[in-house]
Amino acid sequence: LCCVQEVGGIKQVEGLDVYVQGLECEHSLKDIRRDLLRDDPENPIVRNELGKWEFVQKDLIPLLLSQTQDKKLSFIIIILLVDLTQLPEADCKLSSFLYEHLQKYKSAFLMGSVIKTLVVHLADCMKKEAPLRNKRHDEMIELIVVLFKNLLNIPDPTPVTAHTSKARSDYQKQLIAAFQKENALNSFVFLTQDVNTPLTQKLSLHFLEIFYSIFKNCTPKTLIDGIATTSASLKELMSKEKKEKQRRLMEMSSRHSRFGTTIEVTRKADGTSMLISNVFK
């Protein structure tokens, strides 16, 4: 609890609620990470307590949003988010409590600009080219991809659960929509284009899980209908482009009835002019 308090908190700045990091923020986050690594998978008390304190919602996410320029701190925050969004082990005694925490975490990522901020960090690393790109950039890309995979793997609350609203049972759809809106899906496709890079090979199984989670609830008919709609749109665009080309050709043919042309050439020396049909004669 002391470590959590040292991370930071909400303060009033010019009448606005702003999350301000504590003086020992970075060290406290590292201490919490060490505690998580020592946590017993069968009885993860630390993870459960952090869930009860809403550490992700009240500290990690606000800190991530308020310190976007601090890449080192953002790196540590995302490591913790990856740790805390992992599904519990099959033999975990606290799994029912942890799944409740996980669903609340998933909901928190849907608020504000959390996904957008993560995509910005992802894009900043992806656009780095050698020699500016280093191992830390690849590690950041890997962390964000794994975090997105973890979020997709978190199951929605079942509709039969008491007090479960329609919105709460549709977190997965909302998350995929957020990925689409913030270009996360385009980033996944871009990262998987070159299968020969060491980073892509390392992330291949994570991407496989991501795509499976996105499409597993889609029927073949839904996918085909989507492809058909896209194909129809492409055909319509191609038809419009073809008509536009024909219109331009018609305009050209109306201005030029034959390949040859006649121009008037005026001599600067004496001002005389003559009509010619071939400038090379």
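**Stop 1: helix α7**

Select residues 114–126, which make up helix α7, and colour the buried ones: V114, I115, T117, L118, V119, H121, L122, C125 and M126. You are looking at a predicted model, so keep that in mind as you go. Now bring up what those buried side chains pack against: α4 (55–66), α5 (71–84), α6 (95–109), α8 (135–153), α9 (171–181) and α10 (184–191).

Try the distance tool on the two ends of α7. The C-alpha atoms there are 19 Å apart, and because 13 residues at 1.5 Å a residue should span 18 Å, the two figures agree.

Stay on this helix and click T117, which is part of α7. Is T117 buried or exposed? With a relative accessibility of 9%, T117 falls under the 20% cut-off and so counts as buried. Beyond residues up to four places away in sequence, T117 touches L64, L65 and T68.

**Stop 2: helix α6**

Next, select α6, one of the helices that α7 packs against. The 15 residues of α6 reach 21 Å from first C-alpha to last, close to the 21 Å expected at 1.5 Å a residue. Highlight its buried residues: L98, H101, L102, Q103, Y105, K106, S107, A108 and F109. The cover over them includes α3 (45–52), α4, α5, α7, α8 and α9.

Pick out K106, which lies in α6. How much accessible area does this lysine keep? Its relative accessible area is 1%, so K106 is buried. To see its surroundings, show L151, L152, I154, D156, Y171, Q172 and L175, the residues K106 contacts once neighbours within four places in sequence are left aside. Then draw a line from K106 to L175: they are 69 residues apart along the chain, yet their C-alpha atoms are separated by 8.2 Å.

**Stop 3: L147 in helix α8**

Move to L147, which you'll find in helix α8. L147 has a relative accessible area of 0%, so it is buried. Leaving out neighbours within four places in sequence, L147 is in contact with I78, L81, V82, T85, F109 and L118. Two of those should ring a bell: F109 is among the buried residues of α6, and L118 is among those of α7. For another distance, go from L147 to L80: 67 residues apart in sequence, 9.8 Å apart C-alpha to C-alpha.

**Stop 4: the pockets**

Switch on a surface. Where should you point the camera for the centre of the largest pocket? The largest pocket holds about 440 Å³ of space. Of its 22 lining residues, Q172, K173, I176, S213 and N217 are the closest to the centre. The elements that give two or more residues to this lining are α8, α9 and α11 (198–215), and α9 gives the most, with five. Coloured by class, the lining comes out as 11 nonpolar, six polar and five charged residues. You've met Q172 already, as a contact of K106.

Now swing round to the second largest pocket, with about 280 Å³ of space. It has 14 lining residues, and L36, P41, R47, D83 and Q86 lie nearest its centre. Here the classes are eight nonpolar, one polar and five charged.

**Stop 5: two loops with an unusual phi**

Most residues other than glycine have a negative phi. Which residue in the loop between α3 and α4 should you check against that? Select E54, which sits in that loop and has a positive phi of about 55° although it isn't a glycine. E54 is partly exposed, since its relative accessible area is 28%.

For a second case, go to N183 in the loop between α9 and α10. Its phi is positive too, at about 70°, again without being a glycine. At 40% relative accessible area, N183 is partly exposed.

**Last stop: zoom out**

Show the whole protein as a cartoon and you have 12 helices and four strands. Buried residues account for 35% of the 281 in the protein. Among contacts between residues at least 6 apart in sequence, 61% join residues at least 24 apart; the K106 contact with L175 belongs to that kind, with the two positions 69 residues apart along the chain. Finish with the outer surface: the protein exposes about 18400 Å², and carbon and sulfur atoms supply 58% of it.

Technical notes
Residues are numbered from 1 along each chain as its sequence is written. This is a predicted model: local features need pLDDT of at least 70, side-chain atom pairs count only at pLDDT 80 or more; totals for chains, interfaces and linings use all residues. Side-chain values use heavy atoms; hydrogens and water are left out. The expected span of a helix is 1.5 Å times one less than its number of residues. Buried means under 20% relative accessible area, exposed over 50%, partly exposed in between (1.4 Å probe, protein chains only). Contact means heavy atoms within 4.5 Å. Accessible areas come from the Shrake-Rupley method with a 1.4 Å probe; for residues, only the protein chains shown count as cover. On a 1 Å grid over the protein atoms alone, a cavity is a set of points where a 1.4 Å probe fits but cannot get out, and a pocket is an open set with protein on both sides within 12 Å along at least five of seven lines; lining residues have an atom within 4 Å of a point. Grid points are joined across faces, edges and corners, and a volume is the space filled by probe spheres set on the points. Ala, Val, Leu, Ile, Met, Phe, Trp, Tyr, Cys and Pro count as nonpolar, Asp, Glu, Lys and Arg as charged, and the others, Gly among them, as polar.
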